[in-house]
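Good morning, and thank you for making time for this short presentation. I ask that you keep the sequence and the structure in view as I speak.

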Amino acid sequence: RHTRCALVTGVQTCALPICFPVTIGGEKDVLAAVQLMPGVQSGNEGTRGIFVRGGSPDQSLITIDQTPVYNISHLYGFLSVLNADAVSSLKIHKNHFPARLGGRLASVVEIESAKGNLDKWKGNLKVGVANTSLFLEGPVIPSKLSTQVAVRGTYAGLIAKPISGYAFRKAGNEGSLSYNFYDINSLTRYVVSNKDQIELSLFRTQDFYEFNEDESVRYENFSQLNKSTSAVTWSNTLAGLNWKHHFKNQLSTQTHFHFSLYNLQSKEK
């Protein structure tokens, strides 16, 4: 009926209040693991959408803390927008959907963020080939209020800009291209009592792509320099508020409010 993945990330302990083990190299990708499941395909290169039992990516619903997210990739599908350190569990429904998860035909992917540690602070720093991420969680009020924050950004543009500039100059033109992205997600949990718990989830991603070219066009009597700049940005903005209340005899209710916005802008000069 559904498949559930539990992601466990280990953090080394030390004598300091907060310990930051450093990882150099690759990083875990949650959605890449989903694409290895039976009945799920990854599709073409440059895309991160999942194809479940022949369905297109727009027929699959992906939620983060019960809030829909519409763009799930960075670097044109090379990386997902999910920071594995900030994810506690993932559940994919491929054939039978619960009544509360309607609106799609192929599949539903539920992603739950880490709730934050109520006892002590801990963190994780990862330095990758193309990006760096930082994860921090701990109690604001011990046993009462906790928070977790995950920040990730890339420095691929710092590498791509001089390399592309050299390639343009070698071809006789001036120009460059650059690409950068960042994502921030956090979850704050407040334990009101044994029966009530409130969670505030925030998620923000943005990608920047810029292409500059100065092309010299020569005619018989004069020459002309044509300059062109193309800039494309796309972003996700999510916010969710969840209130859980437990009654007696294993009866509970959840009240959820969310906001989700996907924005794509293209400019040419």
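Let me begin with a term. A strand, in the sense used here, is a DSSP run of type E with at least two residues, and strands are numbered from the N terminus. Please also bear in mind that this is a predicted model.

With that term in hand, let us turn to the interior. How many cavities of 30 Å³ or more does a search of the whole structure find? The search finds two. The largest cavity holds about 80 Å³ of space. Its lining is made of 13 residues, and those closest to its centre are Ile-64, Leu-82, Ser-113, Asn-185 and Phe-203. Strands S10 and S15 each contribute at least two residues to this lining. Of the two, S15 deserves your attention, for the largest share of the lining, three residues, comes from that strand. By class, eight of the lining residues are nonpolar, four are polar and one is charged.

Next, I turn to an open space, the second largest pocket. About 270 Å³ of space lies in this pocket. The pocket is lined by 19 residues, and Gln-66, Glu-110, Glu-112, Lys-244 and Gln-254 are the closest to its centre. Two or more lining residues come from each of strand S9 (87-93), strand S10 (107-113), S15, S16 and strand S17 (252-268). Which strand gives the most to this lining? The answer is S16, with four residues. As for the classes, the lining of the second largest pocket has nine charged, seven polar and three nonpolar residues.

Finally, let us consider the surface. Here a nonpolar patch is formed by Tyr-190, Val-192, Ile-198, Leu-200, Leu-202, Leu-241, Trp-243 and Phe-257, which together have about 700 Å² of accessible area. Strand S15 (196-218) and strand S16 (223-246) each supply at least two of the patch residues, and S15 gives the most, with three.

Let us take one member of the patch, Leu-200, which is found in strand S15. Is Leu-200 buried, exposed or partly exposed? Leu-200 has a relative accessible area of 36%, and is therefore partly exposed. A residue must have over 30% relative accessible area to belong to a patch, and the 36% of Leu-200 satisfies that cut-off.

To close, I would return to S15. This strand supplies three residues to the lining of the largest cavity, and three residues to the nonpolar patch on the surface. Thank you for your attention.

Definitions and conventions. Residues are numbered from 1 along each chain as its sequence is written. This is a predicted model: local features need pLDDT of at least 70, side-chain atom pairs count only at pLDDT 80 or more; totals for chains, interfaces and linings use all residues. Side-chain values use heavy atoms; hydrogens and water are left out. Patches are made of residues with over 30% relative accessible area and no salt bridge: like charges are joined within 9 Å, nonpolar side chains (Val, Leu, Ile, Met, Phe, Trp, Tyr) within 5 Å. Accessible areas come from the Shrake-Rupley method with a 1.4 Å probe; for residues, only the protein chains shown count as cover. A salt bridge is a side-chain nitrogen of Lys or Arg within 4 Å of a carboxyl oxygen of Asp or Glu. Buried means under 20% relative accessible area, exposed over 50%, partly exposed in between (1.4 Å probe, protein chains only). On a 1 Å grid over the protein atoms alone, a cavity is a set of points where a 1.4 Å probe fits but cannot get out, and a pocket is an open set with protein on both sides within 12 Å along at least five of seven lines; lining residues have an atom within 4 Å of a point. Grid points are joined across faces, edges and corners, and a volume is the space filled by probe spheres set on the points. Ala, Val, Leu, Ile, Met, Phe, Trp, Tyr, Cys and Pro count as nonpolar, Asp, Glu, Lys and Arg as charged, and the others, Gly among them, as polar.
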